[in-house]
Amino acid sequence: MTIRPRRSVLYMPGANQRALEKARTLPADALILDLEDAVAPDAKPQARDNVCAAVASQAYGSRELVIRVNALETPWGAADMFAAAAAEPDAILIPKVSRPGDIISAAKVLKAAGAADKTRLWAMVETPMSILNAREIAATAVDPENRLTCLVLGTNDLLKESRARMTGDRFAVVPWLALSVLAARSYGLDVLDGVYNDFKDEAGFREECEHGRTLGMDGKTLIHPSQIEPCNEIFSPTAEEVAWSGKIIAAFAEPENQKKGVITVEGRMVERLHLVMAKRTVTIAEAVAEMGLSEAAAGRS
Ligand code: COA
Ligand code: MG
C-alpha cells in the first residue's frame, strides 16, 4: 500500500454547501463528505448531488476525498453507491460495518457500478459487532477485489450502542481502539481515531490526539476546521523523530553494516525493524513537506 499522510481527516455534512466550498482551502489531509448521519432524511438527495459535484469538480488539490454513503440496507444506500462511484473519489466510507460481508457486498456493488480502480473502501468501526469482528473485517483486505485500505473509529456510535461512558482517559474506549489498531496492522491497513465533540476545548482535543497517537492511530477524524492544525502537528513526525530516523538509515547504509541485523547508534541498540520504522517516518515526513509546498504554490497562483 502507498504510504500517505492521513493525520487530519475532516467530516463535513454533504448538505452544507458552505462547508464543502470552505474545505477547498483547509489544510486537512483528507475530507469525508458525509451523506449519512450528518444529513437529515429530507436533505439526502440534495446532499448526494452536492457531494458528487464537489468531488467531480477536482477543486480540492492533493486532499484525499472520501464520500461516506448510507448503508446499503437503507433507502439511500444503493443510489449513494452508484452516484459516489461515478464521481470517482479516492475512497468510499461504508458506515456501520459489522461483518466481513458488509465490505465484500460494497466491493461487489462498486464493481457493478464500474467504479474506477483508484476508488478504495474505508470501513467505519462503530458497532459492538464490528469490534468483535475487527480481525475478520480487516482480513477482507487480503483480496484486492475488496479495495479495503482504512478503518475509521466511530466512537460516538460505539458509546451509544454499548452504553459505556466517555471519560477524559477514555477508559471504556481504549480496548476497542487498541483492538482496531491491531486488526488494521495485521492486514496492512491505516486506522483513524474517532472525533472529539467538544470542538471549543483545544487543550482536551490535543490531549486526545496525543492519546490516539500513543495507541498507534495514523490520524484522527475531525468535525471542525479549528481542529486541523493541532491535529496535523501532533500526528506529524517530530523533528527529533525525523533526525533520529535519518541516523538509523545512514548507519545501516555504511558498508560495514549492510549485512548486519543489529548495530549500535549513539549508544542505543538498533535492529532492522527500526530501519523499517525509520523509513516509514521519513516517507511520511517527506509527503507532509511536499503537501505543504504544493499548498503554498496553489496559494501563490
Ligand atoms: N467542514 C468545513 N467547514 C466547516 C466545518 C466542517 N466540518 N464546520 C464548520 N465549518 C465552517 C463553517 O462553515 C464556518 O465557515 P464561515 O465562517 O467561513 O462561514 C466556519 O467553519 C466556522 O464554523 P462555526 O460557526 O464555528 O461552526 P458551526 O456552528 O457553523 O458548526 C458544527 C458546528 C459542529 C455543526 C459543524 O462544525 C459541523 O457540521 N461539523 C461536522 C459534523 C459532521 O459531519 N458529523 C458527522 C461525523 S461525526
Ligand atoms: Mg456513525
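Trainee: Which residue's side chain has a polar contact of 3.4 Å with the side chain of Arg-68?
Mentor: Keep in mind that this is a predicted model. Arg-68 lies in strand E3, residues 64–68. Away from its neighbours in sequence, Arg-68 is in contact with several residues, including Ile-32, Leu-33 and Glu-36. The partner in the 3.4 Å side-chain polar contact is Glu-36.

Trainee: And how long is the polar contact between the side chains of Arg-68 and Asp-34?
Mentor: Asp-34 is also among the residues in contact with Arg-68. Their side chains are joined by a polar contact of 2.8 Å.

Trainee: Is Arg-68 buried or exposed?
Mentor: Check the relative accessibility, which is 7% for Arg-68. The cut-off for buried is under 20%. So Arg-68 counts as buried.

Trainee: Let's turn to the ligand. Which element gives the most to the shell around ligand 1?
Mentor: In total, 15 residues surround ligand 1, and Tyr-11 is one of the closest. Strand E1 (8–13) and helix H1 (17–22) each supply at least two residues of that shell. With four residues, the one giving the most is E1.

Trainee: Which residue has a side-chain N or O atom 2.7 Å from an oxygen atom of ligand 1?
Mentor: Set the backbone partners aside: a polar backbone atom of Tyr-11 is 2.7 Å from a nitrogen atom of the ligand, and one of Ile-223 is 2.8 Å from a ligand nitrogen. The side chain paired with the ligand oxygen belongs to His-224.

Trainee: How many residues of the shell around ligand 1 are nonpolar?
Mentor: Split the shell by type: one residue is polar and four are charged. The nonpolar residues number ten.

Notes. Residues are numbered from 1 along each chain as its sequence is written. Chains are lettered from A and ligands numbered from 1 in the order in which they are written. This is a predicted model: local features need pLDDT of at least 70, side-chain atom pairs count only at pLDDT 80 or more; totals for chains, interfaces and linings use all residues. Side-chain values use heavy atoms; hydrogens and water are left out. A residue is near a molecule or strand if one of its heavy atoms lies within 4 Å of it. A polar contact is a pair of N or O atoms within 3.5 Å; within protein, one must be able to donate a hydrogen and the other to accept it, and residues adjacent in sequence count only if both atoms are side-chain atoms. Ala, Val, Leu, Ile, Met, Phe, Trp, Tyr, Cys and Pro count as nonpolar, Asp, Glu, Lys and Arg as charged, and the others, Gly among them, as polar. Buried means under 20% relative accessible area, exposed over 50%, partly exposed in between (1.4 Å probe, protein chains only). Contact means heavy atoms within 4.5 Å. Lists of a residue's contacts leave out its neighbours within four places in sequence.
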